[in-house]
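Me: I should like to go through the terms used for this structure one by one. For each, please set the value against its criterion and then conclude.

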Number of protein chains: 4
Amino acid sequence: MQHTRRMLNPLLTGLRNLPARGATTTTAAAPAKVEKTVNTVTILGRVGADPQLRGSQEHPVVTFSVATHTNYKYENGDWAQRTDWHRVVVFKPNLRDTVLEYLKKGQRTMVQGKITYGEITDQQGNQKTSTSIIADDVLFFRDANN
Amino acid sequence: MQHTRRMLNPLLTGLRNLPARGATTTTAAAPAKVEKTVNTVTILGRVGADPQLRGSQEHPVVTFSVATHTNYKYENGDWAQRTDWHRVVVFKPNLRDTVLEYLKKGQRTMVQGKITYGEITDQQGNQKTSTSIIADDVLFFRDANN
Amino acid sequence: MQHTRRMLNPLLTGLRNLPARGATTTTAAAPAKVEKTVNTVTILGRVGADPQLRGSQEHPVVTFSVATHTNYKYENGDWAQRTDWHRVVVFKPNLRDTVLEYLKKGQRTMVQGKITYGEITDQQGNQKTSTSIIADDVLFFRDANN
Amino acid sequence: MQHTRRMLNPLLTGLRNLPARGATTTTAAAPAKVEKTVNTVTILGRVGADPQLRGSQEHPVVTFSVATHTNYKYENGDWAQRTDWHRVVVFKPNLRDTVLEYLKKGQRTMVQGKITYGEITDQQGNQKTSTSIIADDVLFFRDANN
């Protein structure tokens, strides 16, 4: 039985996974045969705030943000320095608990994972598209204090 | 003179770069010294539609979409197959022209670049956050027809 | 009981894994706790010859070579074009069989994996250091004939 | 005039670049048009010894080694833990000087670059194949002492 789960995608509970600009999810007893694709991301930067536990009891997810900086040179010689804040989500059980316990605000970290797009409802009840990096691995560098 | 360009970020014209959840841009004669970070993405998949030329005469940008698929296994044994549509933007002059001329809908392509977040105004005039992959390189595989 | 297997490392049979310049292997009931490291490679290029089945009945391994090209500019304005031949080894059972059956000489392919160093004995019985890319995934592009 | 430089490849002086199993280099006024390939490596681990300055006055190169660890599980349940020592070479002028001055033995570092194969002559005058990672970027994490 194959059907599109319009509302809650149990695995991505934190994202309240309605089909969004970025993603459609179909569910079946076995994954349909599709051509191989690649979706890999590596970010390395400072953590914005202590990680948060979200989602539900059955489907907990830990989220945190990481900042990266990019320098651009304008034709007029000026430089632009852009800071991008990435939203990281961790579903893998052991990795999730380790991140929640040990990763701290200001710490330098490296995340390897994949990009996914979904929709979240903000405090005012508005539907907003959201982009997350689902972590396959998270590396810690010296904790923030030293 | 360092100031935040609230409205138009000449380089990312296509994104109408207001400071968004994901990015703040400051401009100066030379980039402020910041700690090195990493922001690298590799996606490989099929092109959603023929690339489009956007932006302005002075700051043209070519955009196209690429689909990637990910299989997830639920605890109950069901499989979820998720298709994510990535928005790719190309600023590099030569790369931009090559993509516009030769990349076609349905073609398989690989994009190496970085993630950036901005805001775009949709047809209804609503501010929407947008995520783009700024391409450093684009590889073509067999054109879509054969 | 922890001991160094000087001679044959069953998993990497094809490399006759004597401790080499590049690698020392220790074996134990559980892996010793070590600091996380990263060793990821992505190569994309043409296959040099049809893949070969090597190793033993218990530990088969499939190997093939892939060529990549790099352009260098000398100070005097000349360009150097360098072709590097990478040696790929595939241990993963399903991936191994698929590569052996379907990947052909001249075909374009992408390999994601990690670098490892070992020693092999050439036809003249000399010990030679060897570098291999252990494939985690192999993507196929159009077969070589069309 | 296109010819194969059998002996010294000025840019890769440190490798005494004879055509080796892994590489052939041709030189010309402009690089021959070849199909795009990909050759990207990311390693992250501890530095083996303080970086060394090699090559010649005109073509200096800085080299250092980095260790990465991989865990393998045998069919009999035993674990193998493999340490691979990677040889990194840095040609980029600024990056080269920064690495030589600030990178220290025992420090954790991340290198992004490409793999290349060459031949070096050891102290006994024997020709040996060598694998190096040519660094495009090197990130430093906390110096080794704290």
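**Terms and their grounds**

Reply: To begin with chain A, among contacts between residues at least 6 apart in sequence, 58% join residues at least 24 apart. Please note that this is a predicted model, and that chain A has one helix and eight strands, in the order β-β-β-β-β-β-α-β-β along the sequence.

Me: What makes Thr63(A) a buried residue?

Reply: Buried means under 20% relative accessible area. Thr63(A), which lies in strand β5 of chain A, has a relative accessible area of 7%, and therefore counts as buried. Of the 146 residues of chain A, 49% fall in the buried class.

Me: Which residues does Thr63(A) touch, leaving aside those up to four places away in sequence?

Reply: They are Pro51(A), Gln52(A), Arg54(A), Arg87(A), Val88(A) and Val89(A).

Me: Why is the link between the side chains of Thr63(A) and Arg54(A) called a polar contact?

Reply: The criterion is a pair of N or O atoms within 3.5 Å, one able to donate a hydrogen and the other to accept it. The side chains of Thr63(A) and Arg54(A) are joined at 3.1 Å, so the distance satisfies the cut-off and the link is a polar contact.

Me: Why is strand β3 of chain A described as largely enclosed by the rest of the structure?

Reply: Strand β3 of chain A spans residues 38-47, and eight of its 10 residues are buried; it is therefore largely enclosed by the rest of the structure.

Me: How do you know that β3(A) and β5(A) are paired strands?

Reply: Pairing requires at least two bridges. Two bridges join β3(A) to β5(A) (residues 60-73), in the antiparallel sense, so the requirement is met and the two strands pair. Within this pairing, Val47(A) has Val66(A) as its bridge partner.

Me: With which other strands does β3(A) form bridges, and how many are there?

Reply: Six bridges join β3(A) to the antiparallel strand β7(A), residues 108-121, where Gln112(A) is the bridge partner of Thr42(A). Seven bridges, again antiparallel, link β3(A) with β3(B), residues 38-47 of chain B. In that pairing between chains, Val41(A) stands opposite Val41(B).

Me: What makes the meeting of Asp137(D) and Lys36(B) a salt bridge?

Reply: The definition asks for a side-chain nitrogen of Lys or Arg within 4 Å of a carboxyl oxygen of Asp or Glu. The side chains of Lys36(B) and Asp137(D) meet at 2.5 Å, N to O; the pair therefore qualifies as a salt bridge. The count between chain B and chain D is two salt bridges. Strands β3, β7 and β8 of chain B each supply at least two residues of the side that touches chain D, and β8(B) gives the most, with three residues.

Me: What is the area buried between chain B and chain D, and why is it called buried?

Reply: The area is about 640 Å², of which carbon and sulfur atoms give 60%. It is called buried because it is the accessible area that the two parts lose on being put together, summed over both. On the side of chain B, Lys36(B), Val38(B) and Leu139(B) lose the most area to chain D, together 66% of what that side buries. Nine residues from chain B and nine residues from chain D take part in the contact.

Terms used: Residues numbered from 1 in each chain as written. Chains lettered and ligands numbered in written order. Predicted model: local features only at pLDDT ≥ 70, side-chain atom pairs only at ≥ 80, totals over all residues. Heavy atoms only, no water. Buried < 20%, exposed > 50% of the residue type's maximum accessible area, 1.4 Å probe, protein only. Helix = DSSP H or I, 4+ residues; strand = E, 2+ residues; numbered from the N terminus. Contact = heavy atoms within 4.5 Å. Buried area = accessible area lost by both parts, 1.4 Å probe.
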